[in-house]
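These are my notebook entries from a session spent looking up individual features, going from the chain as a whole to single side chains.

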Amino acid sequence: MALQKGANVPVASTEVRVELGWRGGPGTPDVDVSALLLTPAGKVRSDDDFVFYNQPVHPSGAVRHEGRRQDGTGTIETIGVALATVEQDIGTVVVAASTDRTFGQVSGLFVRVLDAQSGRETARFDATGATSETAFVLGELYRRNGAWKFRAVGQGYASGLAGLATDFGITVDEPATTPPPQQATRPATSSVPAPLPPAPQAPSPARPQPPSLSKITLTKTAPTISLTKQGATSGGMRVHLSWSAAKPPRGWMNKGRDANRLEDIDLDLSCLWELQNGTTGIVHPINNQFGSFEQPPYIRLDQDDRTGGSEDGENLVINLDHASEIRRILVFVSIYAGASSFAGLQGVATLYPPTGPSIEVRLDECTVASPVAAIALIENVGGELTVRREAQYILPPPGIFNQQAVDLHYGWGMSWQAASKD
């Protein structure tokens, strides 16, 4: 039975499969499906009531994430629900979806309920009209007078799965949502690697992580973590930078000697890299040096966000399948235009390994009028991949490019020449 948004239908089956599907194709973002078990008050009892692919079975066994498959026209993920064994203090099983981009880029999104034994379809809801939403409640199974029904919901969230989960009482320990990397002053740099032509933005090579139920924050007293020990040894690791300011990103921040004029800020997320064979280089948007995920340096910058208006911002994706070939990667941010320093901006870099919790590095208050800040150093130390918090503002000497100042500070030993964006 096809349902309109808000409509409901009785569910007579004692065990159902809830399938969420979408059409694939070039540029289609990945989608992850999850379920939340709610009490009649509309909240989870604990984080155990959140079922997703990293926590695939509810402790009661009544709700299971059953994985995904391709059906010839697209992708389908399935949540299995044994309605007869759902605990009595659970009144609703919410079926949600999230993506690391937006649902406006996802076509053919639907949810349907099937009898688990016969495969007969009980209900179907086709979600349409999505734009900037990054999470969706597609539907819900709910209990009324001892019987179960299914309702088509179709409620979107611009705050992602973290915002959705928080609304239902999940403890999602993540950095506060901030505007995307707002960008800012001029690096003119080039480096050893040959310029790479700009490529169309592609989906992240690794399956994106849904919001973790915990995170690790690197601090001055605990600055280092081992990716190897937490099992992040393969797949793609995304590095995302976000910024917030006490005032809008145009106008004056602070007064007197610390005054900082902000005007159409353009920040560039970048990294210096060195491989085990001694080759070095840089990944940044200057001269279109976006890098490569499948070939050396095994690091790719997804785009150059020059306006700060993109929800996705700028992301570095590192191919951990080639971790043994990587010696070190220094992630940093440089002001290209719009400000003379980071004064008044609060930066948070978040690393999303393919397994384990996210890793957060917060930049301290800017104490010098610096246009470049080192964020984190990723190193291969005796076969163990580690991340170390840097959080350093570097003041370039006169006549030295921002990126060259980072090179000199960390001893990369590269040669430099002036360059600019197209």
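What percentage of the 422 residues in the chain is made up of buried residues? I note before answering that this is a predicted model, and then record that buried residues make up 56% of the chain.

**Entry: the chain as a whole**

I looked up the secondary structure next and found two helices and 26 strands. For the contacts with a separation of 6 or more, I noted that 72% are accounted for by residues 24 or more positions apart. The accessible surface came to about 17,500 Å², and carbon and sulfur atoms hold 50% of that area.

**Entry: a five-stranded sheet**

I followed one open sheet, in which five strands run in the order E5-E6-E2-E8-E9 with antiparallel pairing. Because E5 and strand E9 (121-126) stand at the edges and have a single partner strand each, one side of each is left without a neighbour in the sheet. On average, and with direction ignored, I read a turn of 15° between neighbouring strands of this sheet.

Inside the same order I checked the pairing of strand E2 (residues 15-23) with strand E8 (residues 107-115), which is antiparallel and extends over seven bridges. I also located Arg17 and found that it stands opposite Leu114 in E8.

**Entry: helix H1**

How many of the eight residues of helix H1 are buried? I counted six, so I describe the helix, which spans residues 160-167, as mostly covered. The buried ones are Gly160, Leu161, Ala162, Gly163, Leu164 and Ala165. When I asked what these residues pack against, I found strand E3 (31-38), E4, E7, strand E10 (135-144) and strand E11 (147-157). Just after H1, I marked Gly169, which takes a positive phi of about 95°.

**Entry: Thr99**

I then turned to Thr99, which is found in strand E7, a strand covering residues 92-99. Is Thr99 buried or exposed? I recorded it as buried, because its relative accessible area is 10%, and the cut-off for that class is under 20%. A polar atom of the Thr99 side chain lies 2.8 Å from the backbone oxygen of Asp30, and the side chain also reaches the backbone nitrogen of Arg101 at 3.3 Å. Leaving aside residues up to four places away in sequence, I found Thr99 touching Pro29, Asp30 and Thr134, so that Asp30 appears both in this list of contacts and as the partner through its backbone oxygen.

**Entry: Gln55**

My next stop was Gln55, which I placed in the loop between strand E4 (50-51) and strand E5 (63-70). I classed Gln55 as partly exposed because its relative accessible area is 22%, whereas buried would require a value under 20%. A polar atom of its side chain lies 2.6 Å from the backbone oxygen of Phe50. I also noted the C-alpha separation between Gln55 and His65, which is 8.0 Å for two residues that are ten residues apart along the chain.

**Entry: Arg389**

Last, I looked up Arg389, which lies in strand E26 (residues 384-394). Why does Arg389 count as buried? I put this down to its relative accessibility of 12%, since the class takes values under 20%. The side chain of Arg389 reaches the backbone oxygen of Leu218 at 3.5 Å.

How values were computed:
Residues numbered from 1 in each chain as written. Predicted model: local features only at pLDDT ≥ 70, side-chain atom pairs only at ≥ 80, totals over all residues. Heavy atoms only, no water. Helix = DSSP H or I, 4+ residues; strand = E, 2+ residues; numbered from the N terminus. Buried < 20%, exposed > 50% of the residue type's maximum accessible area, 1.4 Å probe, protein only. Polar contact = N/O pair within 3.5 Å; in protein donor to acceptor, adjacent residues only side chain to side chain. Contact = heavy atoms within 4.5 Å. Areas by Shrake-Rupley, 256 points an atom, 1.4 Å probe, with all protein chains shown as cover. Pairing = 2+ DSSP bridges. Axes fitted to C-alpha atoms, helices over the stretch in contact; angles between N-to-C directions.
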